[in-house]
Amino acid sequence: MAVASVDLGASGGRVMAGLVGGAGIALHEVHRFGNQPVTAGGTLYWDILRLLADVRHGLELAARQFPLASAGIDSWGVDYGLLDQAGALLGNPVHYRDRRTEGVADRILAAVPAAEIYAVTGIQQLPFNTIYQLAATPMLRHARTMLLIPDLLAYWLTGVAGAEITNASTTSLFDVRAQAWATGLIRKAGLPPRIFPPLRRPGDVIGPVMGPNGAGSPLSLIAVGSHDTASAVAGVPAGGPDFAYISSGTWSLAGVELDAPVLTEASRAANFTNEAGIDGTIRCRR
């Protein structure tokens with residue numbers, strides 16, 4: 001059996017094919033490409049349509065070389081695209097390093113104290129968290145749906161909108177204990193609950209990608225741990241449940257995998273974060 005993996009990082013992406021057999025998994029790099037942000041009008045954007053073209057190209061190359069059973073997509077967290085009522089994109093997704101969120105956190109925290117946000121979401125305070133990005137978005141009133149980056153690409157590939165929980169948990173708008181959108185917090189932050197799509201979990205079938213496997217043989221797109229760190233930690237070759245990890249990409253993260261989030265005041269003061277992982281786990285890390 002062969003599967004395709006799309007892994008997107010802040011500076012580049014790749015499409016890998018994995019051949020699964022009795023001896024394990026053999027990996028083949030099919031397509032590697034850059035991910036260069038673009039500055040326009042003083043705003044830093046992701047070149048999302050270029051990423052979509054490279055993802056499609058990589059899946060097509062993989063399908064020519066291997067009998068693919070399914071594919072999955074992961075990327076960085078927090079960033080998103082907004083769709084209007086017709087499903088059209090309302091502007092390119094803004095890069096988390098853009099300066100538009102400067103000062104926004106102070107405004108939101110005046111309405112929702114930091115301790116309250118942490119008690120619900122377990123996410124560390126960072127100026128580019130999705131809660132602050134959305135509050136700084138002029139197009140928000142025109143939006144019907146918010147899709148995080150892997151979910152946006154999945155929507156374009158399948159036509160099915162949703163939010164995978166490992167990436168949703170990075171937004172500071174996800175109830176880490178209930179494993180659901182934090183609707184009360186969303187309203188208190190002045191954001192519209194209507195834009196948050198149905199949640200899905202790793203292993204859920206998103207839908208068929210028409211094209212890469214040829215007419216009459218659609219490729220199934222499967223929800224994976226779409227936050228890249230969730231997938232990376234799932235691949236740690238630990239011999240038991242008690243292990244720590246260091247994940248190095250754009251920056252390095254150190255943490256542990258737990259059965260439940262740590263939401264104490266000491267954890268908040270130390271700026272630890274609690275993100276949803278695979279199979280109901282929590283990644284508690286700095």
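**A tour from the whole chain to Thr137**

Begin with the entire protein chain in cartoon view, where the secondary structure comes to nine helices and 18 strands, taken as DSSP runs (helices H or I of at least four residues, strands E of at least two) and numbered from the N terminus. The radius of gyration is 19 Å, close to the 19 Å of the globule rule for 286 residues, so the chain is as compact as a globular protein of that length; the radius is taken over C-alpha atoms, and the rule is 2.2 Å times the number of residues to the power 0.38.

This is a predicted model, in which local features need pLDDT of at least 70 and side-chain atom pairs count only at pLDDT 80 or more, while totals for chains, interfaces and linings use all residues. Residues are numbered from 1 along each chain as its sequence is written, and side-chain values use heavy atoms, with hydrogens and water left out.

Reduce the view to the C-alpha trace, which spans about 55 × 45 × 30 Å along its principal axes. Colouring by accessibility shows that 51% of the 286 residues are buried, meaning under 20% relative accessible area with a 1.4 Å probe, protein chains only.

Next select Thr137, in the loop between helix 4 (130-135) and strand 8 (145-148). Thr137 counts as buried because its relative accessibility is 13%. Add Tyr80, Leu82 and Arg100, which Thr137 touches when residues up to four places away in sequence are not counted, a contact being heavy atoms within 4.5 Å. Finally, display the side chains of Thr137 and Tyr80, joined by a polar contact of 2.6 Å (a pair of N or O atoms within 3.5 Å; within protein, one must be able to donate a hydrogen and the other to accept it, and residues adjacent in sequence count only if both atoms are side-chain atoms).

Terms used:
Buried means under 20% relative accessible area, exposed over 50%, partly exposed in between (1.4 Å probe, protein chains only).
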